[in-house]
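Biologist: I've got this model open next to me and would like to talk it through. Can you walk me round the fold?

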Amino acid sequence: MLICELSFQVPDSDTPGYSLHEVDYYAGVPACNRDVPNHRLSLRKNLATGNFEVYRRYFRRKVVTKPCFMVISSTDMGLEEVMFAGSFSEAMAYGDSEYRKYHGGKEPDKVCQHEWPNRAVSCKGGQKGMINHTQSSPEAVPCRFYEVVNTGKWMPKSLQE
Ligand SMILES: [Zn+2]
């Protein structure tokens with residue numbers, strides 16, 4: 001998966017000092033591979049320090065058994081543990097290694113280059129691609145009401161006639 005560093009700039013109003021955007025590596029740890037309390041593993045940016053953090057959010061699995069049914073639920077324990085803090089690429093490598101530890105093989109995530117074909121879906125960079133006819137990117141779709149006229153400037157189609 002491609003992950004864009006620029007997607008982590010917007011602060012989370014519910015968690016001051018941290019990015020709204022997060023990437024989840026996994027939602028839980030399989031019981032057979034669990035030497036730690038069950039948790040979700042996610043990547044976020046600490047906007048105060050500028051570091052990227054890979055953190056665990058712990059939850060407890062609760063099983064309620066009745067005579068004719070069983071309910072399995074997860075209770076968020078409200079506990080977080082920052083497992084790694086550092087640069088964007090280092091944090092991504094750490095997240096990948098933790099994923100492999102509990103879930104097995106995984107294609108390593110890649111740093112978004114903000115341009116097709118190495119552009120993440122959530123990428124906030126490379127806006128110039130939106131009006132550049134020379135790029136062969138499938139995302140470089142020009143606004144259909146504008147065309148390049150022979151002055152080299154962008155002009156609404158209605159003003160060209
Ligand atoms: Zn990007």
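**Walking through the fold**

Modeller: From the N terminus on, the elements run β-β-β-β-β-β-β-α-β-β-β. Bear in mind that this is a predicted model, where local features need pLDDT of at least 70, side-chain atom pairs count only at pLDDT 80 or more, and totals for chains, interfaces and linings use all residues. Residues are numbered from 1 along each chain as its sequence is written.

Biologist: How many helices and strands does the chain have?

Modeller: Here helices (H or I, at least four residues) and strands (E, at least two) are DSSP runs, numbered from the N terminus. On that count, the chain has one helix and ten strands.

Biologist: What is the strand order in the open sheet of four strands?

Modeller: Two strands pair if DSSP finds at least two bridges between them. The pairing in this sheet is antiparallel. Its edge strands, which each pair on one side only, are E4 (23-26) and E7 (70-86). The order is E4-E5-E6-E7.

Biologist: How many bridges join E6 to E7?

Modeller: These two form a hairpin with four residues between them. Phe52 stands opposite Gly86 in E7, and Phe52 is also the bridge partner of Lys45. E5 (residues 39-45) and E6 (residues 52-65) run antiparallel, with seven bridges. E6 and E7 run antiparallel too, and the number of bridges joining them is 14.

Biologist: Which strands does helix H1 touch?

Modeller: H1 covers residues 88-103 and packs on the sheet. Its direction makes about 30 degrees with that of E6, with axes fitted to C-alpha atoms (for helices over the stretch in contact) and angles running from 0 to 180 degrees between N-to-C directions. Contact calls for C-beta atoms, placed from the backbone, within 7 Å. The strands touched are E4, E5, E6 and E7.

Biologist: How many residues of E7 are buried?

Modeller: A residue is buried if 20 or more other C-beta atoms, placed from the backbone, lie within 10 Å of its own, exposed if 12 or fewer, and partly exposed in between. Of the chain's 161 residues, 16% count as buried. E7 has 17 residues and is hardly covered, with a buried count of zero.

Biologist: Which elements each supply at least two residues of the largest nonpolar core?

Modeller: Such a core is a set of buried Ala, Val, Leu, Ile, Met, Phe, Trp, Tyr and Cys residues joined through C-beta atoms within 7 Å. The largest has 15 residues, and Val54 is among those touching the most other members. Beyond four places in sequence, the contacts of Val54 include Leu41, Leu43 and Ala91. The elements supplying at least two residues each are E4, E5, E6 and H1.

Definitions and conventions:
Two residues are in contact if their C-beta atoms, placed from the backbone, lie within 7 Å.
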